[in-house]
Amino acid sequence: MSKSYYEFFCPVKVVAGSAALEHIPYELNTLSASRPLIVTDKGVRGAGLIDHVLAAFAESGMDVIDIYDDVPPDSSLKVVKDIARVYREKQCDSIIAVGGGSVIDTSKGVNILVSENGNDLSEFSGVGVLKKPLKPFFVIPTTAGTGSEVTMVAVISDPDKGVKMPFTSYFLLPNVAILDARMTLTLPPHITAMTAMDAMTHAIEAYTGMAKNPISDAYATSAIRKIAENLPRVLNKPDDADARLELAQASTMAGIAFSNSMVGLVHSLGHSLGALCHLPHGLCMNLFLPYVLEYNLPERGDVIGELLLYLAGADVYAHTPAHERGKKAVQVIRDMRDELNHRCKLPRTLSETGKITRDQLPKLAQMALDDGSIIFNPVEVDLDDALAVLNRAW
Amino acid sequence: MMQAKRVRVNPFKRPYVVLMMEVIGRSLEAASQVDERIQNEVRPLPDGLMFEMKVMPDGPALVLQKTGATGLKYLGRRPPRKPDVVMKFKHVTHAFLVFSFQEATARAFANDRILLDGEIAYAMKLVRCLNRMESLILPKIIAERALKRYPNLSLPEKMLGGARIYTQVAKNLIRG
Ligand SMILES: [Fe+2]
């Protein structure tokens, strides 16, 4: 008898497609909320995206009570406190996060403070500290990548102490994630590419990792197919609303997959590179993905090979002998990266970033070993292994 | 009120986990005194860092503390204060699966059987110490079940004092 075991959990209601934003007032009402606070950043507001949300509230009998649009790229303790103060002053009863990873994490922090009636966020840091549901919390992602709209974690930095505080709780999951093509339509090509490759990496690492399971596999493969098909479409025609929505859905599906099946070495290395050289997360994912897959290939070639169907389609899959599919899948990803490099200047190697020197690699390898995701990589990684991958990625 | 039915449980499970907690605690202490790799993992940890591995809700458990530059000291079953890093098995059966080498430590993490509390980077170093210790004192055939990959190593003969006990317990168990 097989001794396999897994858990799968995703209670987030997904509201997706045409006129999705217009469903928000109804969904708030269902949760007995009527005074939402919008949390966003200057970039999102400047791009006019909040106007779409506000338009959805018109003629709904409900108003947005206030808009906080000053979330910085790195969510911090101070900002969380600031927003919680606004929430209380304006007597809001729900939060709508409109943005990318930082806005969403910040909003999760705000929700902890206003729901627990706290002032010191650090009291709630850690795993399972929260014991009861928080205020109604909606997320409208404006980058199709992080998947934070379906994850139960938030990381908020405390610059004074120089630490990043992790928060993990089922209660951090939003009640509703709204996917509406209008919200990602104007995302610039290079950001679209980076965030899509982050989502691609979530799906691939979830599918090939130690904690894979049949339910998240279904989300992962579907996400991979959507990204492989629609990222080129969006780059060819940035205002292709259908393709944009496909990418947004893929990102959420990849988020559901990895929040249940975790990520692996691409993320261990990527988190370290991001921290050391301040490079965007999606860029780091795009950079390391093929090198890590090649590292995992000897032991995990069959599972990686299954992904060829979703990456390249039925014809290529059928015409590739079974034992070559893993290698071919990596080649498809390499081709994809060449294309992204050509179109959006996304670096494919560490040297192409121009942000790191070769003598920093041992430090980077050490940092990667201490990253929690490395334990879920399907193949064991020691310091020499990590360094070897970094050297190949040089 | 209806009384929950008495059910039969494996009577050796809990005592075995209690024993293994102590064996692991003492083996890690001993290993940190002789093995350079483990010392290299311990060195960057903050002074006095306290680590607890326990079974929910209230034990069995083991507590280790960093002492000196590279040492781990076995403090017994009860932490004298709130530990800095805690690795919690959700049920005694899950600890039994790991300690009887039916489930690798990494697999137990992947299977959501273990909760980690505290700084992840420190926890990762401690997990590596655990893996290294197991690779040293367990017979290869058993260590291969406990680890994702069995390392290439020349087994130093006069290994830790606890090695023989540990091996014997494991052998007995696998034989059923
Ligand atoms: Fe990611």
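**Exercise 1. How are the donor residues of the iron ion spaced in sequence?**

Solution. The structure is a predicted model, in which local features need pLDDT of at least 70 and side-chain atom pairs pLDDT 80 or more, while totals for chains, interfaces and linings use all residues. Residues are numbered from 1 along each chain as its sequence is written, chains are lettered from A and ligands numbered from 1 in the order in which they are written, and side-chain values use heavy atoms, with hydrogens and water left out.

Step 1. Identify the donors: the iron ion is coordinated at 2.2 Å by Asp198(A) through OD and by His202(A), His267(A) and His281(A), each through NE2. Donors are N, O and S atoms within 2.8 Å of the metal (3.2 Å for Na, K and Ca); water is not among the atoms, so sites may look incomplete.

Step 2. Read off the spacing: the pattern is D-x3-H-x64-H-x13-H.

Step 3. Place two of the donors: His202(A) lies in helix H6 (residues 189-208) of chain A and His281(A) in helix H10 (residues 281-306) of chain A, so that distant parts of the chain, 79 residues apart, are linked. Helices (H or I, at least four residues) and strands (E, at least two) are DSSP runs, numbered from the N terminus.

Step 4. Compare their exposure: His202(A) is buried at 2% relative accessible area, whereas His281(A) is partly exposed at 29%. Buried means under 20% relative accessible area, exposed over 50%, and partly exposed in between (1.4 Å probe, protein chains only).

**Exercise 2. Classify the ring pair of Tyr16(B) and Phe96(B).**

Solution. Step 1. Four aromatic pairs are found over all chains. Rings of Phe, Tyr and Trp (its six-membered ring) pair if their centres lie within 6.5 Å; planes under 30 degrees apart count as stacked, over 60 as edge-to-face and the rest as tilted.

Step 2. The ring centres of Tyr16(B) and Phe96(B) are 5.5 Å apart and the planes stand at 75 degrees, so this pair is edge-to-face.

Step 3. Because Tyr16(B) belongs to helix H1 (residues 13-34) of chain B and Phe96(B) to helix H3 (residues 92-99) of chain B, the pair ties together parts 80 residues apart in sequence.

Step 4. Tyr16(B) is buried at 8% relative accessible area, and Phe96(B) is also buried, at 12%.

**Exercise 3. Describe the surroundings of Ser94(A) and Asp370(A).**

Solution. Step 1. Ser94(A) is found in strand S4 (residues 94-99) of chain A and is buried, with a relative accessible area of 0%.

Step 2. Contact means heavy atoms within 4.5 Å. Leaving aside neighbours within four places in sequence, the contacts of Ser94(A) include Leu28(A), Arg35(A), Tyr87(A) and Pro136(A).

Step 3. Asp370(A) lies in the loop between helix H15 (361-369) and helix H16 (383-392) of chain A, and is buried at 13% relative accessibility.

Step 4. With residues up to four places away in sequence not counted, Asp370(A) touches Ile120(B), Ala121(B), Met124(B), Lys125(B) and Arg128(B).

**Exercise 4. Summarise the fold of chain A.**

Solution. Step 1. Chain A has 16 helices and nine strands, and its C-alpha atoms fill a box of roughly 60 × 50 × 45 Å along the principal axes.

Step 2. Of its 394 residues, 58% are buried.

Step 3. Among the contacts in chain A with a separation of 6 or more, 77% join residues 24 or more positions apart.
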